[in-house]
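Q: I am new to this structure and would like a close look at a single part of it. Please take one helix, describe it and then place it in the chain.

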Amino acid sequence: GIAAFLVGHVTKDGAIAGPRLLEHMVDVVLYFEGDKMQEYRLLRAVKNRFGSVNELGVFQMTDKGMQIVENPSEQLLSRRAKGASGSVVFCGLEGSRPLLCDVQALASQSYFGTPRRTVNGADGGRVALLLAVLEKRAGQKTYNQDVYINVAGGLELSEPAADLALCMAVVSSLKDLPVGAEVAVMGEVGLAGEVRAIPQCDRRVAECQRLGFTTIVLPRENMRRIACPDGVKFIGVDTVMQAISVLF
(Lines give C-alpha, C1' and ligand atoms only; values in the text may rest on other atoms or scores of the structure.)
Protein backbone atom coordinates (compact mmCIF):
# COMPACT_ATOMS: atom_id res chain seq x y z
CA GLY A 1 0.00 0.00 0.00
CA ILE A 2 2.98 2.35 -0.33
CA ALA A 3 3.64 4.38 -3.47
CA ALA A 4 7.29 4.52 -4.49
CA PHE A 5 8.82 7.13 -6.80
CA LEU A 6 11.88 6.14 -8.85
CA VAL A 7 13.83 8.96 -10.46
CA GLY A 8 15.77 7.94 -13.55
CA HIS A 9 18.30 9.61 -15.82
CA VAL A 10 17.05 10.93 -19.18
CA THR A 11 19.14 11.13 -22.35
CA LYS A 12 19.42 14.14 -24.66
CA ASP A 13 16.66 12.64 -26.82
CA GLY A 14 14.28 12.60 -23.85
CA ALA A 15 14.24 8.82 -23.37
CA ILE A 16 15.05 6.97 -20.14
CA ALA A 17 18.72 6.05 -20.22
CA GLY A 18 19.94 2.48 -20.06
CA PRO A 19 17.81 -0.68 -20.36
CA ARG A 20 14.05 -0.21 -20.65
CA LEU A 21 13.53 -2.53 -17.67
CA LEU A 22 12.74 0.37 -15.33
CA GLU A 23 9.94 1.59 -17.62
CA HIS A 24 8.44 -1.91 -17.84
CA MET A 25 8.53 -2.51 -14.09
CA VAL A 26 6.56 0.54 -13.02
CA ASP A 27 2.85 1.33 -13.39
CA VAL A 28 3.19 5.00 -14.33
CA VAL A 29 5.86 6.97 -16.20
CA LEU A 30 5.78 10.76 -15.78
CA TYR A 31 7.86 13.30 -17.66
CA PHE A 32 8.44 16.71 -16.07
CA GLU A 33 9.39 18.96 -18.98
CA GLY A 34 10.88 22.43 -19.14
CA ASP A 35 14.21 24.13 -18.68
CA LYS A 36 15.63 26.98 -16.64
CA MET A 37 14.96 29.49 -19.42
CA GLN A 38 11.22 28.80 -19.50
CA GLU A 39 8.68 29.96 -16.95
CA TYR A 40 6.36 26.95 -17.16
CA ARG A 41 6.88 23.26 -16.44
CA LEU A 42 4.72 20.56 -18.02
CA LEU A 43 3.91 17.26 -16.31
CA ARG A 44 2.97 14.51 -18.78
CA ALA A 45 2.07 10.85 -18.32
CA VAL A 46 3.52 8.67 -21.08
CA LYS A 47 2.44 5.41 -19.44
CA ASN A 48 -0.40 4.76 -17.02
CA ARG A 49 -1.79 1.30 -16.26
CA PHE A 50 -4.71 2.70 -14.27
CA GLY A 51 -5.85 5.76 -16.20
CA SER A 52 -5.53 8.07 -19.16
CA VAL A 53 -2.24 9.44 -20.47
CA ASN A 54 -4.05 12.30 -22.22
CA GLU A 55 -3.80 14.75 -19.35
CA LEU A 56 -1.35 17.57 -18.81
CA GLY A 57 -0.33 19.44 -15.68
CA VAL A 58 1.02 22.99 -16.02
CA PHE A 59 3.19 24.36 -13.22
CA GLN A 60 5.04 27.60 -12.56
CA MET A 61 8.08 28.22 -10.39
CA THR A 62 7.45 30.99 -7.86
CA ASP A 63 9.15 32.32 -4.73
CA LYS A 64 6.95 29.86 -2.81
CA GLY A 65 8.06 26.88 -4.88
CA MET A 66 6.35 25.04 -7.71
CA GLN A 67 2.70 26.10 -8.01
CA ILE A 68 0.00 24.65 -10.25
CA VAL A 69 -1.35 26.96 -12.96
CA GLU A 70 -5.13 26.73 -12.65
CA ASN A 71 -5.89 28.57 -15.91
CA PRO A 72 -2.94 28.02 -18.27
CA SER A 73 -4.65 29.48 -21.36
CA GLU A 74 -5.23 32.79 -19.62
CA GLN A 75 -1.69 32.81 -18.25
CA LEU A 76 -0.12 32.10 -21.66
CA LEU A 77 -2.04 34.97 -23.27
CA SER A 78 -1.74 37.47 -20.42
CA ARG A 79 1.45 39.05 -21.80
CA ARG A 80 0.44 39.00 -25.43
CA ALA A 81 1.32 42.17 -27.35
CA LYS A 82 -2.00 43.63 -28.47
CA GLY A 83 -2.11 45.25 -31.89
CA ALA A 84 1.24 43.84 -33.01
CA SER A 85 1.64 42.18 -36.40
CA GLY A 86 2.78 38.57 -36.61
CA SER A 87 0.79 37.38 -33.57
CA VAL A 88 -2.07 34.87 -33.86
CA VAL A 89 -3.96 32.97 -31.16
CA PHE A 90 -4.34 29.22 -31.67
CA CYS A 91 -6.13 26.65 -29.51
CA GLY A 92 -4.15 23.44 -29.36
CA LEU A 93 -4.71 20.17 -27.55
CA GLU A 94 -2.24 18.93 -24.98
CA GLY A 95 -3.56 15.43 -24.54
CA SER A 96 -7.26 16.03 -23.96
CA ARG A 97 -6.78 19.54 -22.59
CA PRO A 98 -7.46 22.55 -24.86
CA LEU A 99 -4.80 25.21 -24.45
CA LEU A 100 -4.70 28.65 -26.05
CA CYS A 101 -1.29 29.92 -27.10
CA ASP A 102 0.27 32.87 -28.91
CA VAL A 103 1.85 31.87 -32.24
CA GLN A 104 4.35 34.52 -33.31
CA ALA A 105 6.13 35.11 -36.61
CA LEU A 106 8.62 37.72 -37.77
CA ALA A 107 9.52 38.17 -41.44
CA SER A 108 12.31 40.60 -42.31
CA GLN A 109 14.33 41.38 -45.42
CA SER A 110 17.18 38.93 -45.87
CA TYR A 111 20.63 40.21 -46.87
CA PHE A 112 22.16 36.78 -47.41
CA GLY A 113 22.00 34.39 -50.32
CA THR A 114 19.97 31.88 -48.32
CA PRO A 115 17.30 33.36 -46.03
CA ARG A 116 17.25 32.14 -42.43
CA ARG A 117 14.49 29.95 -40.98
CA THR A 118 14.51 29.86 -37.19
CA VAL A 119 11.74 27.92 -35.45
CA ASN A 120 11.07 27.63 -31.72
CA GLY A 121 8.10 25.58 -30.51
CA ALA A 122 7.11 24.01 -33.84
CA ASP A 123 8.51 21.53 -36.35
CA GLY A 124 11.03 23.21 -38.65
CA GLY A 125 10.22 20.92 -41.57
CA ARG A 126 6.52 21.67 -41.25
CA VAL A 127 7.18 25.42 -41.22
CA ALA A 128 9.30 25.11 -44.39
CA LEU A 129 6.42 23.25 -46.04
CA LEU A 130 3.92 25.96 -45.05
CA LEU A 131 6.19 28.72 -46.35
CA ALA A 132 6.35 26.89 -49.69
CA VAL A 133 2.54 26.66 -49.76
CA LEU A 134 2.26 30.41 -49.06
CA GLU A 135 4.72 31.12 -51.86
CA LYS A 136 3.16 28.83 -54.46
CA ARG A 137 -0.56 28.90 -53.64
CA ALA A 138 -1.08 32.29 -51.98
CA GLY A 139 1.43 34.52 -53.76
CA GLN A 140 3.22 35.52 -50.54
CA LYS A 141 6.90 36.10 -51.32
CA THR A 142 9.12 34.60 -48.66
CA TYR A 143 12.14 33.66 -50.78
CA ASN A 144 13.92 36.90 -49.79
CA GLN A 145 12.70 37.00 -46.18
CA ASP A 146 14.27 35.75 -42.99
CA VAL A 147 11.41 34.05 -41.12
CA TYR A 148 11.41 33.48 -37.37
CA ILE A 149 8.70 31.44 -35.64
CA ASN A 150 8.10 31.32 -31.88
CA VAL A 151 5.39 29.79 -29.69
CA ALA A 152 5.22 31.92 -26.56
CA GLY A 153 5.46 30.21 -23.18
CA GLY A 154 7.75 27.38 -24.29
CA LEU A 155 4.98 25.15 -25.65
CA GLU A 156 5.63 22.68 -28.46
CA LEU A 157 3.08 22.55 -31.29
CA SER A 158 3.19 19.15 -32.96
CA GLU A 159 -0.34 18.89 -34.37
CA PRO A 160 -1.25 19.88 -37.97
CA ALA A 161 -4.18 21.91 -36.63
CA ALA A 162 -1.70 24.75 -35.99
CA ASP A 163 -0.87 25.10 -39.71
CA LEU A 164 -3.35 27.88 -40.49
CA ALA A 165 -2.34 29.91 -37.43
CA LEU A 166 1.33 29.65 -38.42
CA CYS A 167 0.51 30.76 -41.99
CA MET A 168 -1.57 33.72 -40.83
CA ALA A 169 1.16 34.81 -38.39
CA VAL A 170 3.69 34.85 -41.24
CA VAL A 171 1.33 36.76 -43.57
CA SER A 172 0.53 39.22 -40.78
CA SER A 173 4.24 39.98 -40.37
CA LEU A 174 4.82 40.20 -44.15
CA LYS A 175 1.99 42.72 -44.54
CA ASP A 176 2.72 44.38 -41.17
CA LEU A 177 -0.99 44.16 -40.39
CA PRO A 178 -2.20 42.82 -37.01
CA VAL A 179 -4.85 40.15 -36.58
CA GLY A 180 -7.70 41.26 -34.31
CA ALA A 181 -7.13 40.64 -30.60
CA GLU A 182 -10.47 38.81 -30.37
CA VAL A 183 -9.70 36.42 -33.28
CA ALA A 184 -8.55 32.78 -32.94
CA VAL A 185 -7.34 30.75 -35.93
CA MET A 186 -7.14 26.97 -36.41
CA GLY A 187 -6.96 24.52 -39.31
CA GLU A 188 -4.70 22.07 -41.15
CA VAL A 189 -3.17 23.21 -44.44
CA GLY A 190 -2.53 20.84 -47.35
CA LEU A 191 0.01 21.16 -50.16
CA ALA A 192 -2.66 22.44 -52.54
CA GLY A 193 -3.41 25.30 -50.16
CA GLU A 194 -6.65 23.72 -48.95
CA VAL A 195 -7.72 24.01 -45.31
CA ARG A 196 -8.64 20.61 -43.87
CA ALA A 197 -10.83 19.68 -40.90
CA ILE A 198 -9.27 19.25 -37.46
CA PRO A 199 -10.22 16.90 -34.60
CA GLN A 200 -12.12 17.90 -31.43
CA CYS A 201 -12.98 21.32 -32.81
CA ASP A 202 -15.91 21.72 -30.40
CA ARG A 203 -13.59 21.58 -27.37
CA ARG A 204 -11.27 24.14 -28.93
CA VAL A 205 -14.19 26.47 -29.67
CA ALA A 206 -15.49 26.15 -26.11
CA GLU A 207 -12.09 27.16 -24.71
CA CYS A 208 -11.91 30.16 -27.07
CA GLN A 209 -15.40 31.25 -26.00
CA ARG A 210 -14.50 30.88 -22.32
CA LEU A 211 -11.63 33.33 -22.71
CA GLY A 212 -13.67 35.89 -24.60
CA PHE A 213 -12.74 35.32 -28.25
CA THR A 214 -15.61 36.43 -30.46
CA THR A 215 -14.34 35.44 -33.93
CA ILE A 216 -12.96 32.03 -34.85
CA VAL A 217 -11.48 31.24 -38.27
CA LEU A 218 -11.75 27.50 -38.83
CA PRO A 219 -12.15 24.94 -41.64
CA ARG A 220 -15.54 25.18 -43.32
CA GLU A 221 -16.00 21.43 -42.91
CA ASN A 222 -15.73 21.80 -39.11
CA MET A 223 -18.12 24.75 -39.15
CA ARG A 224 -20.82 22.54 -40.64
CA ARG A 225 -20.46 19.93 -37.89
CA ILE A 226 -20.67 22.02 -34.71
CA ALA A 227 -23.12 24.61 -33.43
CA CYS A 228 -21.94 28.19 -33.10
CA PRO A 229 -22.05 29.33 -29.43
CA ASP A 230 -23.78 32.55 -28.44
CA GLY A 231 -21.60 35.62 -28.86
CA VAL A 232 -19.16 33.86 -31.20
CA LYS A 233 -18.85 34.32 -34.96
CA PHE A 234 -17.57 31.47 -37.13
CA ILE A 235 -15.68 32.21 -40.35
CA GLY A 236 -15.32 29.02 -42.40
CA VAL A 237 -12.54 28.87 -44.99
CA ASP A 238 -11.66 26.31 -47.65
CA THR A 239 -8.26 27.65 -48.71
CA VAL A 240 -5.36 29.68 -47.36
CA MET A 241 -6.23 32.45 -49.82
CA GLN A 242 -9.71 32.75 -48.34
CA ALA A 243 -8.27 33.04 -44.83
CA ILE A 244 -5.88 35.79 -45.98
CA SER A 245 -8.68 37.73 -47.66
CA VAL A 246 -10.85 37.44 -44.54
CA LEU A 247 -8.21 38.52 -42.02
CA PHE A 248 -6.36 41.13 -44.10
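A: Helices here are DSSP runs of H or I with at least four residues, numbered from the N terminus. The model is a predicted one, and the part chosen is helix 4, which covers residues 163–175.

Helix 4 has 13 residues. From its first C-alpha to its last it reaches 18 Å, close to the 18 Å expected at 1.5 Å a residue.

Next comes the question of cover. A residue counts as buried when its relative accessible area is under 20%. Of the 13 residues of helix 4, 11 are buried, so the helix is largely enclosed by the rest of the structure. The buried residues begin with Asp163, Leu164, Ala165 and Leu166, go on through Cys167, Met168, Ala169, Val170 and Val171, and end with Ser172 and Ser173.

Ser173 can serve as an example. This residue has its place in helix 4. Its relative accessibility is 9%, and because the cut-off for buried is under 20%, Ser173 counts as buried. Leaving aside residues up to four places away in sequence, Ser173 touches Ser85, Gly86, Ala105, Leu106 and Ala107.

Just after helix 4 comes Asp176, which takes a positive phi of about 55°.

Now the chain around the helix. The chain has seven helices and 13 strands. Its radius of gyration is 20 Å, close to the 18 Å that the globule rule gives for 248 residues, so the chain is as compact as a globular protein of that length. Along the principal axes, the C-alpha trace spans about 60 × 50 × 40 Å. Of the 248 residues in the chain, 43% are buried. Among contacts with a separation of 6 or more, 59% are between residues 24 or more positions apart.

The surface gives the other side of the picture. The chain has an accessible surface of about 13400 Å², and carbon and sulfur atoms hold 53% of it. Phe5, Val28 and Leu30 make a nonpolar surface patch of about 330 Å². One of these residues, Val28, lies in strand 1, which runs over residues 28–33. Val28 has a relative accessible area of 38% and is therefore partly exposed, whereas Ser173 in helix 4 is buried at 9%.

Note on methods:
Residues are numbered from 1 along each chain as its sequence is written. This is a predicted model: local features need pLDDT of at least 70, side-chain atom pairs count only at pLDDT 80 or more; totals for chains, interfaces and linings use all residues. Side-chain values use heavy atoms; hydrogens and water are left out. Patches are made of residues with over 30% relative accessible area and no salt bridge: like charges are joined within 9 Å, nonpolar side chains (Val, Leu, Ile, Met, Phe, Trp, Tyr) within 5 Å. Accessible areas come from the Shrake-Rupley method with a 1.4 Å probe; for residues, only the protein chains shown count as cover. A salt bridge is a side-chain nitrogen of Lys or Arg within 4 Å of a carboxyl oxygen of Asp or Glu. Helices (H or I, at least four residues) and strands (E, at least two) are DSSP runs, numbered from the N terminus. Buried means under 20% relative accessible area, exposed over 50%, partly exposed in between (1.4 Å probe, protein chains only). The expected span of a helix is 1.5 Å times one less than its number of residues. The radius of gyration is taken over C-alpha atoms; the globule rule is 2.2 Å times the number of residues to the power 0.38. Contact means heavy atoms within 4.5 Å.
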